[in-house]
Amino acid sequence: MEIKKVGVLGCGLMGSGIAQVSAIAGFEVTVLEVEQKFLDKGFAGIERSLAKFAEKGTIKETPQAIRARLNGTTNMRDLADCDIVVEAVIENIDEKKKMYAALDDVVKPDGIFASNTSSISITELMAATKRPHRFIGLHFFNPVPLMKLVEVVRTIATADDVFQTAYEFGKKLGKVPVRTSDKTGFIVNRLLVPYMLDAIRAYEEGVGSIEDIDNAMKLGCGYPMGPFTLLDFVGLETTYYITQVMYDEFKERRFAAPPLLKRLVMAGWYGRKTGKGFYDYSDPANPKPNKL
Ligand SMILES: NC(=O)c1ccc[n+]([C@@H]2O[C@H](COP(=O)([O-])OP(=O)(O)OC[C@H]3O[C@@H](n4cnc5c(N)ncnc54)[C@H](O)[C@@H]3O)[C@@H](O)[C@H]2O)c1
């Protein structure tokens, strides 16, 4: 199956990025939102990003030519003839299920549904539709226009040709697709989450200071940032949430949130976005580790 028309659900952080890379790749894109103001905000971000890419010479066409392939709508019927619909709405299972059930009656029967969810089971979402064999996970990374990876997630029901089409679609977007199956966390979070949680446990046990653990992993392993800088960047409430889903799935200690993570979240110290987490960001260019 050849993909020509792409639908994107949600024009937030991830949806706007997915819409942008799809338009850059030459696809006609229709983005659905609940209100026009969210489309305006998302498209303004896309325009800023395209302008930067043009300045750096990393796009072949003008931003205007790429922007002309992007349409926004608040009417689901405008997605009827999409070959693939990539969903990036809020991480709420009931909202997503409701949306898929409605979409199922609107989008042409051979259209592929792809979810960008980070923590909800693709199998559970697919079961809300009458097209489980045409349902897949496409898990992009933030910021989508810059991050090269997409995890292509198949369930026990995914048809081979649907998997292949989605995999090729990922490549056309300029990403490196990796194959994975529908187990919570997929590949990246399965490995990354226990690593970040272990860093917190090491700190709790006095193995090293926040700064020393960060420097050790950065300089000793060549990682671009240490685990605490990464935790603050991802958001501690987001990490806490995924630990709960992963622990629920696997019942293994390595996925359980250490007490310190839980307390930072209860205190509302979510990391960069709240100005406080493992580090204090009063001076954003020069974060200082908090005494925890
Ligand atoms: N933020 C990340 O780093 C990240 C990374 C990978 C995957 N994800 C996943 O991507 C999805 C979206 O996350 P986000 O960070 O972009 O969230 P976000 O809050 O920035 O954007 C979600 C958007 O969905 C819109 N929306 C809500 N209900 C809708 C509906 N019924 N129809 C159309 N639009 C609707 C909201 O108005 C909002 O603009 C989630 O499933 C999340 O797990 C997020």
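**Exercise 1.** State which residue follows helix α9 and the sign of its phi.

*Solution.* Helix α9 is followed by Gly235, whose phi is positive, near 110°. Helices here are DSSP runs of H or I with at least four residues, strands are runs of E with at least two, and both are numbered from the N terminus. Residues are numbered from 1 along each chain as its sequence is written. The model is predicted: local features need pLDDT of at least 70 and side-chain atom pairs count only at pLDDT 80 or more, while totals for chains, interfaces and linings use all residues.

**Exercise 2.** Explain why α9 is described as largely enclosed, and identify what covers its buried residues.

*Solution.* Step 1: a residue is buried if 20 or more other C-beta atoms, placed from the backbone, lie within 10 Å of its own, exposed if 12 or fewer, and partly exposed in between. Step 2: the residues of α9 that meet the buried criterion are Pro227, Phe228, Thr229, Leu230, Leu231, Asp232 and Val234. Step 3: because 7 of the 8 residues of α9 (residues 227–234) are buried, the rest of the structure largely encloses this helix. Step 4: the cover over these buried residues includes α7 (188–204), α8 (210–221), α10 (236–250) and β9 (279–280), where contact requires C-beta atoms, placed from the backbone, within 7 Å.

**Exercise 3.** Locate the domains of the protein chain and state how far apart their C-alpha centres lie.

*Solution.* Step 1: the domain assignment gives domain 1 (5–181) and domain 2 (189–289); such bounds come from an automatic or database assignment. Step 2: the C-alpha centres of domain 1 and domain 2 are 29 Å apart.

How values were computed. Two residues are in contact if their C-beta atoms, placed from the backbone, lie within 7 Å.
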